[in-house]
Amino acid sequence: MGRRSIIGTSLAVVAAMTLSACGGGADSGSSDTVRVTLVNHVWTENIRKALPEFERETGLKVEVTQLGEDQLSDQYNVKLNAGSSDIDVMMYRPLQEGRLFAKNKYLADLTEQANGSGDFDLADFQAAPLSATTYEDKVVGIPIITEQQVLYYRKDLLEKSGFSAPPQTLDELKAQAAKIQADNPGVAGFVSRTGKAAAVTQFSSFLYSFGGDFVDGSGKAAVNSDAAKQAYAYYGGLLRENGPANISTDMSWSEAMAIFTQGQAAFYTEANSLYKNATDPAKSKVSDTVGFAPFPAGPAGSKPYNIPSWGLAVNDASKNQSNAWKFIEWAAGKTQTLEQQKAGVPGARTSVWENPEGIATYPKDMADAITVSLANGVGHDRPLVERVAQAREIVGQPIVDAITGKDAAASAETANQGFQKFLDDEAR
Amino acid sequence: MSAVTAPSRPPRGAGVMPDTPGWARWANDHRKWLFAAPAMAFVAALIIFPLAWTVYLSLTDSSGSVRAESEFIGLRNYLDVLSDTARFWPAVGRTAAFTGVALLVEVVLGMAIALLLWRPFRGERWVRVAILLPLVATPVAVGMMWRLIFDPNIGMANQVLGWVGIGPQPWLAGQHTALPTTIFIDIWQWTPMVVLILLAGLTSLSDEPQEAAMIDGASAWQRFRHVTLPLLMPTVIVAVLLRGIDALKTFDILYATKGRGGGSFHEVETLNVYAYGLSFDYNEYGLSSTVLILFFLIIIGLMWVLTARRKKEEAAR
């Protein structure tokens, strides 16, 4: 009797603690408060400003949690893994986490609502972005932001070195970068991301423009193709020879952008969705001399990526799914998408690109560059797999090897073996 | 201790008023368990359960989602991890190098500073406050600060080197200089803690042995080597133990300066950073748990060696 009651008491205390811990999160049935988790992004700033309008119209209350990209990922890993219901709407990266989340059944099926809403007009979305938020024929997310890679450059430096136009080809890019670097001590000819995983997305346009891809038509690893080897050697070589001195191999967009906006580099290849960082005088020393151009053509032409970088989804464990959908219907609807587009966030709806208003606010050269990207763009900027983080590290190794002066071709061979093994593992 | 015997258990209900309700009698009879229950439940819920769960996960192939079905695969993860020469063993090496070097420098430097601060002097309070500043700064802020200082192009460190005619160094950006640089940052931040502990030990020492040695004509070094140090040894071991465990588990500085995976070449990937990457980047919960359990065993082992040594020394005295 004695021992059993001790265990009983302990269990009761544990149970009480557990229950009280859960009490905050679990609400039965739908609530008037929609809990939305968003990433730090211009899109988020804009949507927060528009929120009162949505709250007035629907009578719902929106609670926003805003996090940095890495923290957002970690948050999802913990909360979704635990089946937590305290996230209703989640902003996520369809190409980075989309497949994994869908496979883990973290994302609610939105097919019915998306098709059922007349004003929402699912058919208005561009095919490639929508396919990235579709899993096994079910719509599990709505793309909200698209990204195309463009060339950022410094008009003043080009002019000083006697170039009348930005480079049309990768060969010209290399030549112009070298000349500008020679003419301006302390200024690098070129900068871009160098981190093993971070660089993969920006490297992808080089890969496609040389005629390669991460995976070939039959689904085999292809990062050891001649085109891929050339692309690795070119990208790494450009950074090694014409990049900033003492180049770090840890740079993501924020570090590379800082070098460009501090006036220390002439060319920079990056996603267009970040262009406000370069044109905003508060953030950039080169705001009035920055120009934009289409991605330079390689042997296979100019083939930049054109991808859905962020989407909205409903947490499958949310008990507030119908209100969560109302939020998405509004935030990804035609009106808001146009507003976002006008504020500099490229959308995924065909209508906003066809509407002259939609690109009127972009710098003229940026709008032209985007038009080229939309026409030739490739719909992915990283391997389309489930475990994207691992895949990026594998195919990114030759990039950092090339930057540090190792044999890019040999590294590509090694990476290809590793990547094929990874693909085989994943197929099992 | 053995001379004191616990009073023999009083008969049930003894000392309780006759009209006390049954549950209160029961509670009175089991009071030692009842009072300990919250603490026991706390330990069970927050230490034993997570640990047991981690051990369980390490024996499965859990990946993707912990709620997804996983298979019990026995010790296969352990074999995989222990035969992994690409990531695991280099991470063990880096953890050992980071901890060993940082700890050695921190204890030697900490001892020197503590000895300097031991005797009262003018402005002592200000110096003490200044020395403690790195300790109270948050590690992530410290990481960001040093990242700026050590930036190869615009950082202050290379500017200062330039003044004395030394060329720019890659610091955190270099494949072979990143780990030493993070060790330097750790030393900068945590030496004050060692100083604090050793200073507390020093001030509690009595003056007589020192005076006796002085009368015997011992030099300053002899007094330190044969009087102060042996007396201070228990404190030194405490400092080594606390700082050592902390250094083994360092995460914040490494993550703030080099990011995920400890850099593109895993330059500063220690066991902790590796385990974090396995679970948060790769979603390999089974493997990650295995690394964590092995790491846990390593820490327990080291702690055991150190405390055993301390006990031996105490027994020898």
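This note goes through a predicted model, taking confidence, one strand, one helix residue, and the contacts of chain B in turn.

1. Confidence in chain A. The average pLDDT of chain A is 90, and 93% of its residues score at least 70. Residues 1-28 of chain A are another matter, with a pLDDT below 50. In the model this stretch still has 23 contacts beyond near neighbours in sequence. Any reading of those contacts should keep the pLDDT below 50 in view.

2. Strand β1 of chain A. This strand covers residues 33-39. Is it mostly covered or mostly open? Six of its seven residues are buried, so the strand counts as mostly covered, a residue being buried when 20 or more other C-beta atoms lie within 10 Å of its own.

3. Pairing of β1(A) with β2(A). Strand β2 of chain A spans residues 61-67, runs parallel to β1(A) and is joined to it by seven bridges. Two of the facing positions can be picked out in the model. Val36(A) stands opposite Val64(A), and Thr37(A) stands opposite Thr65(A).

4. Pairing of β1(A) with β3(A). Strand β3 of chain A, residues 89-92, is also parallel to β1(A), and two bridges join them. Thr37(A) appears here again: its bridge partner in β3(A) is Met90(A). Thr37(A) therefore has a partner in β2(A), namely Thr65(A), as well as Met90(A) in β3(A).

5. The connection from β1(A) to β2(A). Which helix belongs to the unit that these two strands make? Helix α2 of chain A, residues 42-58, forms a β-α-β unit with β1(A) and β2(A), and the unit is right-handed.

6. Gln420(A). This residue lies in helix α19 of chain A, which spans residues 408-427. Gln420(A) is partly exposed because 17 other C-beta atoms lie within 10 Å, a count between the limits of 12 for exposed and 20 for buried. Setting aside neighbours within four places in sequence, Gln420(A) is in contact with Lys220(A) and Ala221(A). Gly379(A) is 41 residues from Gln420(A) along the chain, and their C-alpha atoms are separated by 22 Å.

7. Domains of chain B. The domain assignment places domain 1 at residues 22-78 and domain 2 at residues 87-316. Their C-alpha centres lie 33 Å apart. The contact between them takes 13 residues from domain 1 and nine residues from domain 2. On the domain 1 side, α2 (31-58) and α3 (76-82) of chain B each supply at least two residues. α2(B) gives the most to that side, with four residues. By class, the domain 1 side has four nonpolar, eight polar and one charged residues.

8. Contact between the chains. How many residues of chain B are in contact with chain A? There are 30, and they meet 29 residues of chain A. Which element supplies the largest share of the chain B side? α2(B) does, with eight residues. By class, the chain B side has 17 nonpolar, 10 polar and three charged residues. α2(B) thus comes up twice, in the contact with chain A and on the side of domain 1 that touches domain 2 of chain B.

Key:
Residues are numbered from 1 along each chain as its sequence is written. Chains are lettered from A and ligands numbered from 1 in the order in which they are written. This is a predicted model: local features need pLDDT of at least 70, side-chain atom pairs count only at pLDDT 80 or more; totals for chains, interfaces and linings use all residues. A crossover is right-handed if, with the strands pointing away from the viewer, the path from the first strand over the helix to the second runs clockwise. Domain bounds come from an automatic or database domain assignment. Two residues are in contact if their C-beta atoms, placed from the backbone, lie within 7 Å. Ala, Val, Leu, Ile, Met, Phe, Trp, Tyr, Cys and Pro count as nonpolar, Asp, Glu, Lys and Arg as charged, and the others, Gly among them, as polar. pLDDT is the predictor's confidence in each residue, from 0 to 100.
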